[in-house]
Amino acid sequence: MKVLSIVGARPQFIKEAVVQTALKKEGITEVLVNTGQHYDKNMSDIFFDILGMPQPQYNLNVGSGKHGNMTGRMIVDLEPIMEAENPDWVLVYGDTNSTLAGAVVASKLKIPIAHVEAGIRMLPKDMPEEINRVMVDSVSKAMFCPSRFAVDNLHREGKNEGVFLVGDVMYDLFLKMQPSFSHNLFNELKLTEGEFIVVTLHRDYNVDDPETLTTVLQQLSEIAKQKEVVFTVHPRTRKNIEKFNLQHLAQAIKMVEPLDYLNLMGLTQKAWKVVTDSGGYQKESYFAGKQAVVMMPDTGWRELTEQGFNVLSKPHELKDKLFDNRSPDFANQQIYGDGKSAEKIAALLKSFK
Ligand code: UD1
């Protein structure tokens, strides 16, 4: 059996890392395509190095662009590859433009699509990632859901066949890599355990509008009076801080480059709390036993907000939400499976017709 996997953005390299090992164990041949949606070393190559992944067979080097342009170029390049490779499955991950491009091409070529992290839904409905999720699930034959909530979403949309609750591959990776988490940056920045927060923000609605970004930086500066703020800055966010001339608002904040997985998780282990608008990182902070303030109007990981681990926040509420009095119990971690999600996916791909 041959599977063609498509990755391109930071969270997809992380998910692919565990799935690729599981496919190999099942004796499935994998052809890996990297669209190149993310291309800065810290956003792409570093994950291959650190997670010990073999290089992809195909690199499309698509880079950034407007949504249609970027997705369109991926579609053009993916079509001949899928035709030549003629895989039994095309495997796509999450909700990025790379996911959408892979699903469009495979569906037109009538190659069955398997979607890892299927069924996640959240508001606003017009956010690019939500559009990608809905469209990809609508053409997928196998939908691998990380949570019960994701399964319920698909059932509500009338999708019953091909829906599997497998757990979260990011939890698999967390358990596997935990012994290798790095405290280098923690030491380098001379931080004190439990006395700092880790911040990541990159969503268009948080960083593309100058007023909103100003509010965010003001809130973080206020927070910095009580807890150190380590902001790992996504390139999109950095460009906008410069474009809107907001550097002066970031003086009290420790701004660092986007971090590789091992350093980000090592830092998180030592942090007090997390502030993020990343779908993956809000969950990884839970894996690490840390509360997250999620700067999104909604979350696809509703179980974490419902059970009080995470809380949603608008930009102007950030400080209040961070210093609230929640004390959730992290002792019992069963929400996202048993660390064997990737193995389940590989076994299902093999058996499911
Ligand atoms: C994308 C995904 C999002 C995912 C995120 C993880 C889509 C629609 N969104 O968002 O779901 O959570 O990746 O990081 O696919 N840039 C660089 N260097 C890079 C990558 C990006 O400079 O290596 C800058 C460019 O200015 C680019 C901008 O960031 O235009 C946005 O990148 P893009 O890939 O469009 O979306 P993300 O915000 O990264």
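**Exercise 1. List the residues in contact with Tyr261, leaving aside its neighbours within four places in sequence.**

Solution. Tyr261 is in contact with Ile14, Phe47, Leu51, Met170, Leu173, Phe174, Met177, Phe181 and Glu284, its neighbours within four places in sequence being left aside. Contact here means heavy atoms within 4.5 Å.

The model is predicted, so local features need pLDDT of at least 70 and side-chain atom pairs count only at pLDDT 80 or more, while totals for chains, interfaces and linings use all residues. Residues are numbered from 1 along each chain as its sequence is written, and side-chain values use heavy atoms, with hydrogens and water left out.

**Exercise 2. Place Tyr261 in the largest nonpolar core, and state which helix gives the most to this core.**

Solution. Step 1: a nonpolar core is a set of buried Ala, Val, Leu, Ile, Met, Phe, Trp, Tyr and Cys residues joined through side-chain atoms within 4.5 Å. Buried means under 20% relative accessible area, exposed over 50%, and partly exposed in between (1.4 Å probe, protein chains only).

Step 2: the largest nonpolar core has 74 residues, of which Leu91, Phe144, Tyr261, Leu267 and Leu349 touch the most other members. Helix 1 (residues 10-25) gives the most to this core, with 7 residues. Helices (H or I, at least four residues) and strands (E, at least two) are DSSP runs, numbered from the N terminus.

Step 3: a second, separate core holds 24 residues, among them Ile223, Val229, Ile253 and Leu318. In soluble globular proteins, nonpolar side chains tend to be buried together.

**Exercise 3. Determine how far helix 12 and helix 13 are covered, and describe their starts.**

Solution. Step 1: in helix 12 (residues 261-270), 9 of the 10 residues are buried. The buried residues include Tyr261, Leu264, Leu267 and Lys270.

Step 2: Asp260 caps the N-terminal end of helix 12, with a side-chain oxygen 2.9 Å from the backbone nitrogen of Leu262.

Step 3: 9 of the 9 residues of helix 13 (residues 279-287) are buried, so this helix is largely enclosed by the rest of the structure. Among them are Lys283 and Glu284.

Step 4: at the start of helix 13, a side-chain oxygen of Ser278 comes within 3.3 Å of the backbone nitrogen of Gly280. Just after helix 13, Gly289 has a positive phi of about 80°.

**Exercise 4. Give the strand order of the open sheet and identify the strands at the edges.**

Solution. Step 1: the open sheet has 7 strands in the order 3-2-1-4-5-6-7, with parallel pairing. Two strands pair if DSSP finds at least two bridges between them.

Step 2: strand 3 (58-59) and strand 7 (163-165) each have a single partner strand, so one side of each is left without a neighbour in the sheet.

Step 3: strand 4 (residues 89-93) and strand 5 (residues 113-116) are joined by 4 bridges, and Val90 has Ile113 as its bridge partner. Another 3 bridges join strand 5 to strand 6, where His115 stands opposite Met143.

Step 4: both faces of strand 6 are covered, with Ala142 and Phe144 buried on one side and Met143 and Cys145 on the other. In a regular strand the side chains alternate between the two faces of the sheet.

**Exercise 5. Is Val166 buried or exposed, and which residues does Val166 touch?**

Solution. Step 1: Val166 lies in the loop between strand 7 and helix 7 (169-177).

Step 2: with a relative accessible area of 4%, Val166 is buried.

Step 3: not counting residues up to four places away in sequence, Val166 touches Phe144, Cys145, Ser341, Lys344, Ile345 and Leu348.

**Exercise 6. Decide whether Lys227 counts as buried or exposed, and find the polar partners of its side chain.**

Solution. Step 1: Lys227 is in the loop between helix 10 (210-223) and strand 9 (228-232). Its relative accessibility is 13%, so Lys227 counts as buried.

Step 2: a polar contact is a pair of N or O atoms within 3.5 Å; within protein, one must be able to donate a hydrogen and the other to accept it, and residues adjacent in sequence count only if both atoms are side-chain atoms.

Step 3: the Lys227 side chain reaches the backbone oxygen of Gly194 at 3.3 Å and makes a polar contact with the side chain of Glu195 (3.3 Å).
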